[in-house]
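This report concerns the pairing of charged side chains and how far the partners are accessible. Please consult the sequence and the structure shown below.

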Amino acid sequence: MTSGLWGYGNAEGYAAGSDLTGYRVEATDGHIGKVDKHTEDVDAAYIVVDTGPWIFGREVLLPAGTITRIDHDEKTVFVDRSKDEVKNSPARDEGHHTDDPAYRDQLGGYYSGGII
């Protein structure tokens, strides 16, 4: 997996230690949900987005590298993926997503266009 995909390095407005929980999440083509949880683990950072009724209450995991900007005043996270890309992402396995290398590799492949 590429470390750039799993880090906040390119996110404008990112500040280490910021609590993003509850922030709105905006895809390139509109609102997709809110941040349910997030992590800043080195080379393993991500946000979990609660999509609410938009895709039947599904939660999705987005690698931190998909975040382009964080607006703390507006409490909004912007990602560089479309609603369809998020909707069609690999299903989040609630019990294993944080420590399952196969799932992380699957997500990394999906969000990097198959290049890990």
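Asp80 is partly exposed, with a relative accessible area of 34%; partly exposed lies between buried (under 20% relative accessible area) and exposed (over 50%), computed with a 1.4 Å probe on protein chains only. Its salt-bridge partner is Arg81, with the closest N and O atoms 2.3 Å apart. Arg81 itself is buried, at a relative accessible area of 11%. A salt bridge here requires a side-chain nitrogen of Lys or Arg within 4 Å of a carboxyl oxygen of Asp or Glu.

The model is predicted: local features need pLDDT of at least 70 and side-chain atom pairs count only at pLDDT 80 or more, while totals for chains, interfaces and linings use all residues. Residues are numbered from 1 along each chain as its sequence is written, and side-chain values use heavy atoms, with hydrogens and water left out.

The structure holds three salt bridges, tabulated here with their N to O distances.

| Acidic residue | Basic residue | N to O distance |
|---|---|---|
| Glu26 | Arg24 | 2.4 Å |
| Asp71 | Arg69 | 3.9 Å |
| Asp80 | Arg81 | 2.3 Å |

In the pair of Glu26 and Arg24, Glu26 is buried at 14% relative accessible area, whereas Arg24 is partly exposed at 38%. In the pair of Asp71 and Arg69, Asp71 counts as buried with 19% relative accessibility, and Arg69 is partly exposed with a relative accessible area of 30%. Side chains of opposite charge can pair when their charged atoms come close.
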